[in-house]
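Work through the exercises below with the sequence and the structure open. Try each task before reading its solution.

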Amino acid sequence: MAEAHQAVAFQFTVTPEGIDLQLSYQALTQIYLSGLRSWKKRLIRVKNSVIRGLYPASPSSWLFVVIAILATMYTRSDPSMGLIAKIQEHLPVSQSLSLQCQTVVSAMLFSTLLWLFLIFTMRLCLKQLLSYHRWMFEQHGKMSNTTKVWMALVRIFSGRQPRLYSYQGALPKLPVPAIKDTIKRYLESVRPLMSASEFEHISELATEFQKGLGNRLQWYLKLKALWATNYVSNWWEEYIYLRGRGPIMVNSNYYGMDFLYVTPTPIQAARAGNALHAFLLYRRKLNREEIKPSRIPGSIIPLCSTQCERMFNTTRIPGKEADIVQHWKDSDYLAVYHRGRYFRLGMYNAGRLLSPREIEFQIQKILDDSSLPSTGEEKLGALTAGDRIPWAKARKQFFSSGVNKRSLDCIEKAAFFVTLDDDEHGMMGHDPTGSLDRYAKSLLHGKCYDRWFDKSFSVVVYKNGKIGLNAEHSWADAPVVAHLWEYVLATDSFQLGYNEEGHCKGDIDPTLPHPQRLSWDISRECKEHISRSLAVAQVLADDVDFHVFPFRDFGKGRIKKCRISPDAFIQLALQLAYYRERRTFCLTYEASMTRLFKEGRTETVRSCTSESCAFVRALDSGEDADHCKRLLRLAAEKHQNLYRLAMTGSGIDRHLFCLYVVSKYLGVESPFLKEVLSQPWRLSTSQTPFQQVELFDLVNHPEYISCGGGFGPVADDGYGVAYIIVGENMINFHISCKHSCSQTDSRQFGAQIGKALLDLLSLLSFDQRAPAKTRNTEAKKTM
């Protein structure tokens with residue numbers, strides 16, 4: 001009965017004697033405390049907006065400027081050069097104040113204006129400093145004097161203790177590259193992939209484009225760059241993600257895995273309790289802007305944090321022509337799925353975040369609920385897994401009013417989505433390789449109806465205590481989600497912890513209301529829509545071939561000793577593995593970021609270069625080791641240079657993409673742009689960054705290794721490869737392709753990657769006195 005009393009703040013009955021009013025003071029207290037929490041959040045937002053607007057100065061610096069000006073005036077000097085006297089003459093209240101008060105007020109007004117001018121100047125200087133990128137192109141360990149001075153100035157103008165969004169006003173805009181430079185780099189990137197006649201054809205198209213239509217399109221693009229904050233990001237989000245009409249499951253969404261070797265507790269409800277509490281702790285830090293701004297690893301250079309704004313309380317809403325990303329300012333509950341039922345799980349009580357033990361208690365109530373799904377409820381989530389147009393039509397027809405709208409609103413406005421899965425996943429002892437493959441497929445698509453793929457992210461908690469995450473891609477890129485995921489894993493294991501029985505720590509409030517079961521009224525016609533979406537999604541999911549393997553022979557520690565970039569090393573190994581499997585090269589996509597600029601997202605590094613092809617051919621044909629070593633280093637340096645160009649706004653693909661969008665708006669056709677954008681990425685790669693090293697003690701606790709995450713294949717006849725460099729001694733790979741393509745096999749490609757990595761390390765560390773043929777023979781024996 002306690003829950004019933006809390007649900008209603010007051011009751012009244014009409015009697016012959018009048019109205020009998022009965023107040024529930026406990027319920028009114030709950031209402032008051034919940035409202036107090038909302039007002040606190042509003043005040044925090046206002047305070048953060050003020051601090052952010054004054055950065056790189058602080059509010060206390062105003063007092064310093066005022067005192068300095070007044071102290072100078074006390075010495076009978078005029079630091080304003082007559083401006084204070086001018087202000088005093090025009091004070092509207094000058095007649096009601098004494099002369100001394102007028103002087104003080106005028107001095108304070110002048111100090112305030114001076115203070116604001118100094119803030120504007122400091123921010124402008126910081127913006128100019130952050131536009132300098134030559135430091136990135138300098139050799140490691142050989143910093144120029146110019147860069148040293150620049151770094152000192154950045155530290156000075158960055159102020160003290162910047163908050164999450166402090167740098168946003170000082171970040172430079174993404175520059176528009178010169179069209180001749182982009183075309184030159186494009187032709188250079190496709191030269192090793194084309195025959196002489198094909199290259200001659202594309203060169204002619206490029207020359208014609210550069211001399212004619214390209215300049216016209218470039219002019220419009222520069223005009224947009226002057227007006228917009230970022231000339232790429234809004235078009236990228238709309239045309240690459242939101243206008244896609246196919247399923248986002250597998251094709252767009254990606255996943256993150258739990259620890260590889262450790263499961264902190266085998267109790268499903270307990271693991272959910274700690275993890276969900278950690279997610280909301282992160283949201284609290286996010287709202288208060290207490291998270292440190294992201295930076296280039298090992299440097300003081302800030303990265304754009306705009307993508308963090310839509311992390312929670314966000315859903316992708318389907319539309320007939322294009323979807324939209326809908327974000328709500330706050331949400332105090334989660335949407336939970338278990339055995340075909342949907343629940344609303346409140347995460348606050350009287351304005352207080354529930355403790356991990358209380359969340360575990362609430363999750364256990366859901367797990368113990370024996371009620372059956374209502375008609376059509378179990379597979380309702382399949383609508384988010386199928387094509388977007390049918391989902392948009394079904395949403396409008398069946399979920400725009402009544403109980404269905406209320407329940408759908410509850411899911412879409414939730415902080416995030418949670419699935420309590422009855423399966424067990426992770427690295428299983430009896431079949432470690434196959435179990436990781438099944439774990440990846442489960443996180444990527446599940447049963448095609450037990451995830452809500454439209455939510456910004458969905459947390460999956462398995463029966464054996466393993467967890468994972470599936471993220472929607474349009475609102476942000478993987479590094480932002482990875483930052484959140486690292487925090488959750490570290491907080492769960494190293495801060496919150498569990499008791500000896502494996503349960504969450506803390507006490508339970510027995511008066512907590514039960515999780516609320518959502519109600520649905522699913523008609524026969526709606527069930528047919530669900531079945532059709534599920535059929536489309538099931539075909540897509542069944543076609544995915546996934547392989548996850550930890551490479552334990554060596555890691556970045558051994559690679560760095562060879563004086564080569566770990567990322568370039570892995571990319572060259574991927575080129576070698578692909579060539580050995582297919583006996584050809586392909587257009588290769590490596591994701592880079594442009595977050596050095598405001599609202600920056602990603603850029604493409606075209607990892608297949610003339611230098612990498614020359615090295616692969618030389619190594620595969622058994623040429624001299626010294627010659628191969630020299631070609632390897634040339635290819636690695638070329639790759640690093642391309643990566644730097646992409647990060648500093650001189651990439652190829654985003655520029656060409658935006659030129660193509662402009663051509664569509666103008667209604668003109670470009671044979672060159674059409675051919676460029678139709679070329680398939682048969683090898684799509686991405687490194688999952690390990691950002692918060694300080695959260696994990698891999699020296700004393702090496703078993704707490706994250707397995708990273710992955711994504712589905714981009715091309716029907718290609719591979720998707722995600723990798724994470726963990727610690728000094730391990731690299732985890734996630735490889736995807738399609739069963740329907742006879743030319744691809746994820747396990748076979750994984751074996752080729754492992755062999756290629758060993759061959760590259762053998763080449764770099766081989767004794768130069770041994771002949772090349774002996775080296776090749778020994779390398780084969782070690783395999």
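## Exercise 1: Y220 and its surroundings

Y220 is partly exposed, at a relative accessible area of 35%. Keep in mind that this is a predicted model.

**Task.** Place Y220 in its helix and find the surface patch that includes Y220.

**Solution.**
- Step 1. Locate the residue. Y220 sits in helix α9, residues 213-227.
- Step 2. Check the cut-off. A patch residue needs over 30% relative accessible area, and Y220 has 35%.
- Step 3. List the members. W219, Y220, L223 and L226 make up a nonpolar surface patch.
- Step 4. Give the area. Together these four have about 470 Å² of accessible area.

## Exercise 2: A charged patch

**Task.** Which helices each supply at least two residues of the positive patch?

**Solution.**
- Step 1. Name the residues. K40, K47, R284 and R288 gather on the surface as a patch of positive charge.
- Step 2. Assign one of them. K40 belongs to helix α2.
- Step 3. Name the helices. α2 (25-54) and α11 (268-288) each contribute at least two patch residues.

## Exercise 3: The neighbours of β15

**Task.** Work out which strands pair with β15, and in which sense.

**Solution.**
- Step 1. Start with the strand itself. β15 spans residues 588-593, and 5 of its 6 residues are buried.
- Step 2. Take one partner. Strand β17 (residues 683-687) pairs with β15 in the parallel sense, over 3 bridges.
- Step 3. Pick a bridge there. E590 has T685 of β17 as its bridge partner.
- Step 4. Take the other partner. Strand β16 (residues 602-606) pairs with β15 in the antiparallel sense, over 5 bridges.
- Step 5. Pick a bridge there. A591 is matched with T604 of β16.

## Exercise 4: Salt bridges

Side chains of opposite charge can pair when their charged atoms come close.

**Task.** How many salt bridges does a search of the whole structure find? Then describe the bridges made by D422 and D759.

**Solution.**
- Step 1. Take the total. The search finds 36 salt bridges.
- Step 2. Look at D422. Its side chain meets that of R339 in a salt bridge, at 2.7 Å from N to O.
- Step 3. Trace that pair. D422 is in the loop between β10 and α15 (432-445), and R339 is in the loop between β6 (333-338) and β7 (341-346). The two are 83 residues apart, so this pair links distant parts of the chain. D422 is partly exposed at 30% relative accessible area, and R339 is partly exposed at 49%.
- Step 4. Turn to D759. The side chains of D759 and R580 meet in a salt bridge at 2.8 Å, N to O. D759 lies in helix α24 (residues 746-765) and R580 in helix α19 (residues 566-582), so the pair ties together parts that are 179 residues apart in sequence.
- Step 5. Check the cover. Buried means under 20% relative accessible area. D759 is buried at 9%, and R580 is buried at 17%.
- Step 6. Add the bridge to K755. D759 and K755 also meet through their side chains in a salt bridge, at 3.1 Å from N to O. They are 4 residues apart in helix α24, which puts about one helical turn between them. K755 is partly exposed, at 25% relative accessibility.
- Step 7. Note a network. R245, R316, D323, R388, D454 and E472 are joined into one network by salt bridges that share partners.

## Exercise 5: Positive phi

Most residues other than glycine have a negative phi.

**Task.** Are N313 and R583 buried or partly exposed? Place each in its loop as well.

**Solution.**
- Step 1. Read the phi of N313. It is positive, about 55°, although N313 is not a glycine.
- Step 2. Place N313. It lies in the loop between α11 and β4 (314-317).
- Step 3. Judge its cover. N313 counts as buried, with 3% relative accessibility.
- Step 4. Repeat for R583. Its phi is positive too, near 60°, and R583 is not a glycine.
- Step 5. Place R583. It is in the loop between α19 and β15.
- Step 6. Judge its cover. R583 is partly exposed, with a relative accessible area of 47%.

## Exercise 6: Sequence and space

**Task.** Set sequence separation beside C-alpha distance for V418 with K224, and for D553 with K664.

**Solution.**
- Step 1. Place V418. It is found in strand β10 (residues 417-420) and is buried, with a relative accessible area of 0%.
- Step 2. Read the pair. V418 and K224 are 194 residues apart along the chain, and their C-alpha atoms are separated by 40 Å.
- Step 3. Place D553. It lies in the loop between β14 (544-551) and α18 (556-561) and is exposed, with a relative accessible area of 52%.
- Step 4. Read the pair. D553 and K664 are 111 residues apart in sequence and 50 Å apart in space, C-alpha to C-alpha.

Technical notes. Residues are numbered from 1 along each chain as its sequence is written. This is a predicted model: local features need pLDDT of at least 70, side-chain atom pairs count only at pLDDT 80 or more; totals for chains, interfaces and linings use all residues. Side-chain values use heavy atoms; hydrogens and water are left out. Patches are made of residues with over 30% relative accessible area and no salt bridge: like charges are joined within 9 Å, nonpolar side chains (Val, Leu, Ile, Met, Phe, Trp, Tyr) within 5 Å. Accessible areas come from the Shrake-Rupley method with a 1.4 Å probe; for residues, only the protein chains shown count as cover. Lys and Arg count as positive and Asp and Glu as negative; His and the chain ends are not counted. The place of a charge is taken as NZ of Lys, CZ of Arg, CG of Asp or CD of Glu. Buried means under 20% relative accessible area, exposed over 50%, partly exposed in between (1.4 Å probe, protein chains only). Two strands pair if DSSP finds at least two bridges between them.
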